[in-house]
Amino acid sequence: MKYWVIDKIFNKPSENRHVEYLAMDREFKILDISEGVQRFADSPQEVAIAKDVREGFPELIGVEDILIAVIEGQQDSFEYKGIARFSNRTSPLYIDLYAIGDEDEKSLQKRLLIFFEDVTQKMVLEQNLVQTVNELHLLSSALTASKNYIDKILKGMADALFVTNSSGIIKTANKAAQDLFEYSESELINQKISKFIIEDNIIWETIQPYSLPPGEFLQDLKILCQTKTEKKIVVSFSCSTVETEIEGVKDLIYIGRDITERQRIEKRQLTQYATTRVLSDSGTVEQALPKFLQAVCESLGWTVGEFWMPEEDKKRRVGEAEFSHQSGVPYLRCTEIWSGSSSDISKLINITKQTTFAPGVGLPGRIWATLSPQWIADTVDDADCPLNQLASQTGLHAAFGFPIKSDWEVLGVMVFFNREKEEVDEDLLQTMVAIGSQLGQFIKRKRAETALAESEERYRDLFENASDLIQSVAADGNFIYVNRAWRETLGYTAAEIANLMIFDVIHPDALTHFQALLQRVMSGEKVEQVKAEFLTKAGRKISVEGSINCKFVDGIPVATRAIFRDITERLQAEAELRYQQEQTERLLLNILPQPIAERLKQEQSTIAENFGDVTVMFADIVGFTELSSLISPTELVEMLNIIFSKFDQLAEKHNLEKIKTIGDAYMVVGGLPVPRSDHAIAIAEMALDMQAALIQFSASTGKLFQMRIGINTGSVVAGVIGTKKFIYDLWGDTVNIASRMESHSLPGQIQVTEATYEYLCDRYLLEKRSEILVKGKGKMTTYFLVGRKDISH
């Protein structure tokens, strides 16, 4: 092998390189290999003598023409660099391939020598260098983009941003900061940030660099600031530190948001809440007013609050100024005043209490005259009122006030002062006007309640000794007054009543009705007579009746007043009487038909009527006399009661009138007292049902019972006779013949006359009987009712 070729190709001593080789012929068959060449092969097992070199090194596929040209000497060499082998290695292997022509010294056969160099280390170094260059390029681009992006963010931020050095000198101020404080950028740069701050410097000392631990920041630090035009604003600042390019030197970043309007809204909401709480907790106007003034001042951060009330007088003096009034013309006097720091304005408070204003004079008078709120940005500018001038001398500048109204009546005026100058806040004025209406309603209601209580007091003695139950109840349901009879009847003490509401003493069954009743009364409806049910302390139900009305003040219901009589015993007596009447009525209807009973209750004379077409039936139990000698009387009566009770049910079922029972005989009629055309059919149906019922009874008792039944149709006289133990009865020949039909019938048979036969023959099966001799009538043709015809077809 010609080693000088290796030096020529690699230009270095071969021992300094990691090189292996192989030799191949024109057929690409391997002729010779070095010891470690398989390490560079894609398929090491294919690299062997006589094997195709392309099977171990597939990179040679496709370059065969070039390799032949190198073997023939047509081309000096062939290079293939950067071949990567991955296999199962943890890191790739990179090789360079070099091919040169050669001639075997012995056989003089031309061949190709291929050298493989391990260039992994060189390739890794090259890749790292390229990657480092790319990363530096990307980092440079990112820094440029980041700077542009941050600049855009700072310009577009809605919040104000300042960057200062450790001494508070402004280095950067964004557009929002310039707009908020009304300065240009050139006016801000190199100025101290404390230029805008009204608060004491001690607040800013808390955010100096040495007091902020590394990595921490302050949030929501509310600072009172002032703009270039001296407008006061509240700014919520966050502060943090940032490292500069100088080691150990830090800048401060301030991000501020204008929360002036938010704080105003919060103060208005707090004022509304405090007002509602004061009014709900106060029992009288005198209790509410000082609490109300204090609540408004503390909620809004104002210094002095005053309540002015209309009165009447002729003349009042304020210092050297004099306000004259005509007799009977009202004026305003300060009846209540509150101050958070009364020591330095005590003179103002004393003079205010002695001051009166006529309509249109001074701030209270102007509010009173115009019925509208007023605002003074600085009392120095209000020269027409010496009291305001005195306020400005004691350090009070801004002032506002509003009327206390109920509908169109002015009940008073509220005025407030502040140490700061304040531009008009229309939203606050509207809020206070609404609060003024709320306070006016409270004052009006409490005055009405006081007047009502005084009026009620005059009647207490009269009511206290009354036997009726008297009560007065406020609009919220609490008792204002109950008299002695009320307390004794329901069993409550005065102390217990103080903790009760009207609905606590209403019986649960009547609660819904009573609530609706009170609603009607309090809406103005007149209810003439009222019934209610109370519940005593012991749980006893008390029924009352009486009258109830509602007292209104300016159209507003303030109380209900009621006078009740205890009717519990009367209702019990009435209920007992109704029960007795119902029992009497039930007994009478058991004796008489309802129409006859109604006539008998209205008439005392004899009742008798003629009915031209009725059907009468008599029924008699066969062998009843013999049966009575075989069983006990009690058992006999029980059996008879069962049988006749069943007959009574059948009579009611067929709408027939039972007349009477005599022993074991049962009498019933159809067609009276209310006439009906199917009287004979109804009687026939009942007769058949009676037979069926008696058969069933016999089967259940094991004793044989049979009946004789007789039926006749004709005219009768019906009525009530006598004055004691009277009954409804029938008279006439029709009744006598019906009785004969029963007595002359056979056991288990229903015998009917020819007159009845004419009514029944189309619907029922009847068998003609041979003539029978009837007492008083001679021979008569009769029929036995056997059953019903099938007339469905």
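This is a short chat about a five-stranded sheet, two helix pairs and one glutamine in a predicted model.

Me: Before we start, what kind of model is this, and how are residues numbered?
Reply: The model is predicted, with local features needing pLDDT of at least 70 and side-chain atom pairs counting only at pLDDT 80 or more, while totals for chains, interfaces and linings use all residues. Residues are numbered from 1 along each chain as its sequence is written, and side-chain values use heavy atoms, with hydrogens and water left out.

Me: Which order do the strands of the open five-stranded sheet take?
Reply: The order is β2-β1-β5-β4-β3, with antiparallel pairing; strands are DSSP runs of E of at least two residues, helices are runs of H or I of at least four, both numbered from the N terminus, and two strands pair if DSSP finds at least two bridges between them.

Me: And which strands stand at the edges?
Reply: β2 (30-33) and β3 (77-85) do, each with a single partner strand, so one side of each has no neighbour in the sheet.

Me: How many bridges join β4 to β5?
Reply: Nine bridges join β4 (residues 93-103) to β5 (residues 110-118), and these two strands run antiparallel; G101 has L112 in β5 as its bridge partner.

Me: What packs on that sheet?
Reply: Helix α3 (residues 64-71) does, touching β1 (19-24), β3, β4 and β5 (contact means heavy atoms within 4.5 Å). The direction of α3 makes about 115 degrees with that of β5, where angles run from 0 to 180 degrees between N-to-C directions and axes are lines fitted to C-alpha atoms, for helices over the stretch in contact.

Me: Switching to helices, at what angle do α8 and α9 pack?
Reply: Helix α8 (residues 260-281) and helix α9 (residues 285-300) pack at about 165 degrees, with their axes 9 Å apart. That makes α8 roughly antiparallel to α9, a label for angles over 145 degrees. Among the residues that meet there are L270 and A274 in α8 and F292 and V296 in α9.

Me: Where does Q471 lie, and is it buried or exposed?
Reply: Q471 lies in strand β19 (residues 469-474), and it counts as buried because its relative accessibility is 3%, buried being under 20% relative accessible area and exposed over 50%, with partly exposed in between (1.4 Å probe, protein chains only).

Me: Which residues does Q471 touch?
Reply: Not counting residues up to four places away in sequence, Q471 touches several residues, including F479, Y481, W486 and F534.

Definitions and conventions:
Parallel < 35°, antiparallel > 145°, perpendicular 65-115°, else oblique.
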